[in-house]
Structure formats: structure tokens, C-alpha cells
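Here are a few short exercises to work through with the model open in your viewer. Try each task before you read its solution.

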Amino acid sequence: MRKIALAAKGALIGTLLMFICAGVLEASSQIYFGAIAVRNQVTSSMMVLLEWGPVEGSAPQEITSFKIYKKVGSGNFEEITTVANGLVFSGQLQAFFSESGEERQKEEIINWLGIAYPDENPGTGNFDDILHSILDPADQKYNPMQAHFLSRYSRDVARSLGLAYLDRDGVPAGSISYMITGILNDQSETGPLGRVTVDASAETILPAPQNFRQVLVSRCSVLRRQIDHGRIHLNWEVPSTPEKMPSRILTYGYDIYRMEKPVSGACSVFDLRASIPSELVKINSVPIIASGNTSEEGLDSYQAIDEGDFLQSGTALEPGTTYCYYLVARDLAGRYSATAGPEEMTVPDLEGPVMPWGIDARQEMVEDPQTQESIPKLTLVWDQVNNINYLKEYGESKNICGSS
């Protein structure tokens, strides 16, 4: 094994450091480098997931592969593997998903393919070929944005693209440091592109998202109140300050759960990392990608919206009812963060009454009781607003909800 002696000074737990070698890589070629301690669900042994990628765009083309170095405790860095920069062949992709402990990763990617490509009928026998074609720049199915999101969604997709490594062997409890370098076209090695330290004594758990809340996007606008009526807009804080950047880098997306039935008392407290209670429903079909924080108010002041399940089951949120909501972040290993909530949120009831119809102005002369003189009187008359009169005015093709 190749050994490199480096001081541990400046190492950060669960975060990244950028090192760009002058004259080797341009500033635009920066990459992120993160680590998460995870437990193998089959063997219960501890593993460390390393992921990296470009801050924007794609990994520098002059890098043909990445070298990973590992240091346990106060020891020296030792080279543990070399990862090619690019897509592996289909058989290796399938091998990643077939490793012990990756069963959930395979199930989730097959479910995703079933939604995105239902005509392909993805299953255990063909998902690897379908997925490979999506990730292959030479294939007509290839979409660079989709490939990027999939690499964040699934650690095995990231491994297949040469953007992740799963340290499965010899992971002792305690502090472990990792370092990544690049191998260039001329076979020369760059300086450190990133270094990270992780505590492998326990699984890395992302903190609960902050400031989870309901927002009214229409504010006091009468013209826009229908935007809020019958639906709940949700917002939360996306980590943006330097000390919170490790959480943002290790976060792929967010999931929101709601109690299936309106709340009749205090909301129950759940830890969604363990299991999802049967009384909860997830309001988003795919993880919510929040690229940054929204504006403080206005039409763009929300990250997600809950309108019920009207299109699928015909059920909508009833205005005036209150529900319990829960928010979790999803990390790069596919696991949930600590749970934000419960938060009680009431479905806005902002729909005004229908405009009166059949308005008639009647003028007549009446006697003033004091002077006994005749004076004009103007009276406004309109139909009572009820279901029967509404049908008479607007036609029997209208559907009336309710009995009053």
C-alpha cells in the first residue's frame, strides 16, 4: 500500500475541504467530497460511503480516475482504491446493486424506473440495462440533468458513474479520515482535491430540517386568495451558512408526511428514521429537491404544496380542517434525517361567496310620517343565495356539494 504522511490539522467532521493545485486544475474544476457512516442492514457491520462530484457541471475531463486514501486515528494515509472517472459497464452496475446490504437501493431504483419508464417494465432482470442506457452519454435516453440527480438519489448510481466509493471492509469504530486525489491524462497525480473525517462509531444522522412551517403565499391579496384556498404551502430552511454546508452537501432531497386523517387532538411524535407509521401518507411521489431558500413572502415563498390526492383517489383537503405534518431530509445513502415536526397546519378556507344575481332596483313613492309628504324610495332586491336558486340561475349541469 502506498502511504502518505499528512497532518490531521484542519480536518472537519462530516464536511469537506477544497484543495486546488495551482497550474493543474482551474478554480472552475472544484469538486465536493463528503462522507457518511452507514450500517450494513444485512451484516450489521459499519461502512463508510464516500461521494464526490463537481460543484457544477461535470468532473474535469483531464481527470481519468480518482485515488482514495484512508487514515485510521492518528496513523498515516494509505491508498485503498482507484475509481475510474466515468460510467462502468452494465455488469458492474448490476454487481454494485447486488452486494449484500444494497437491497433497498435496488428496490428504490426499480421503483423509480417504473415511474419514469413504465413502458420498459423494469424489474430485477432488466433494470441494469435500462439504467445503464439512461446514464450513458452515447445513448439516446441520456439526460445529463437526470443522470446528476440519480447519482445523488442512489449511492450505487454514484458508484457506477465513478463518483462514489463504499468502504465495506475494515471500518473500525472511531475517527477515520479520507482523502481524494485525481489522476490526469499524463498519469500524474494531483494534490489533495478533498479531505474529510468521519466518526465510524455510529451512523451519521443528519439534523432535522429547521423552521418547518406553513405559509400563505397570497398574503392579503383578495385577487390571489384562491391560490391558498384548499391547499397547504410548506416551507423550511435549506442550510446555507458555512457551518451548515456539510448537511447541505450530504442531503439529496426531502420527504413530507401528513396524517391521513384530520387531527382531533395533539399530534403524535414520530421518528421516521425507524419506520413510517401506517397512519401517515407521503405527499410527494419523488424526493423534493430544494436548491436554496425561497423569498420571504409572495408567490415563490414555498418549497412544497399539498393539495390532497384528488387526481389519484378523488380526495382533496377540506378547507378548515387541521392536519399534522412531518418533514425529513434524505441523505446520500438513502436514509432519513432526524424528523422535523409534528407541525399542525390548517387548510385555508378563503373562498368567498358567489356573486348575487337577479339584482333589481325598485323605485316607489312613500309618505314621510312626519311631514306627510310623498318622497321617492329606492329598494334593491336579489334572489336568496341557496342551492335551488343557484341551479335556476346557472343551469342544472352544475354540481352542488353539501345539503344546505
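**Exercise 1.** Find the side chain with which the side chain of Lys 70 makes a polar contact.

*Solution.* Start at the side chain of Lys 70: its polar contact is with the side chain of Asp 167, at 3.0 Å. A polar contact here is a pair of N or O atoms within 3.5 Å; within protein, one must be able to donate a hydrogen and the other to accept it, and residues adjacent in sequence count only if both atoms are side-chain atoms. Mind that this is a predicted model: local features need pLDDT of at least 70, side-chain atom pairs count only at pLDDT 80 or more, while totals for chains, interfaces and linings use all residues. Residues are numbered from 1 along each chain as its sequence is written, and side-chain values use heavy atoms, with hydrogens and water left out.

**Exercise 2.** Place Lys 70 in its strand, then decide: is Lys 70 buried or exposed?

*Solution.* First, Lys 70 sits in strand 4, residues 63-72 (strands are DSSP runs of E, at least two residues, numbered from the N terminus). Next, its relative accessible area is 10%, so Lys 70 is buried (under 20%, with a 1.4 Å probe and protein chains only; exposed means over 50%). Finally, skip neighbours within four places in sequence: the contacts of Lys 70 (heavy atoms within 4.5 Å) include Phe 77, Asp 169 and Tyr 178.

**Exercise 3.** Which order do the strands of the open three-stranded sheet have?

*Solution.* The order is 2-3-6, with antiparallel pairing (two strands pair if DSSP finds at least two bridges between them). Strand 2 (31-39) and strand 6 (164-167) are the edges, each pairing on one side only. Now zoom in on strands 2 and 3: they pair over nine bridges, and Gly 34 stands opposite Glu 51 in strand 3.

Note on methods: Helices (H or I, at least four residues) and strands (E, at least two) are DSSP runs, numbered from the N terminus.
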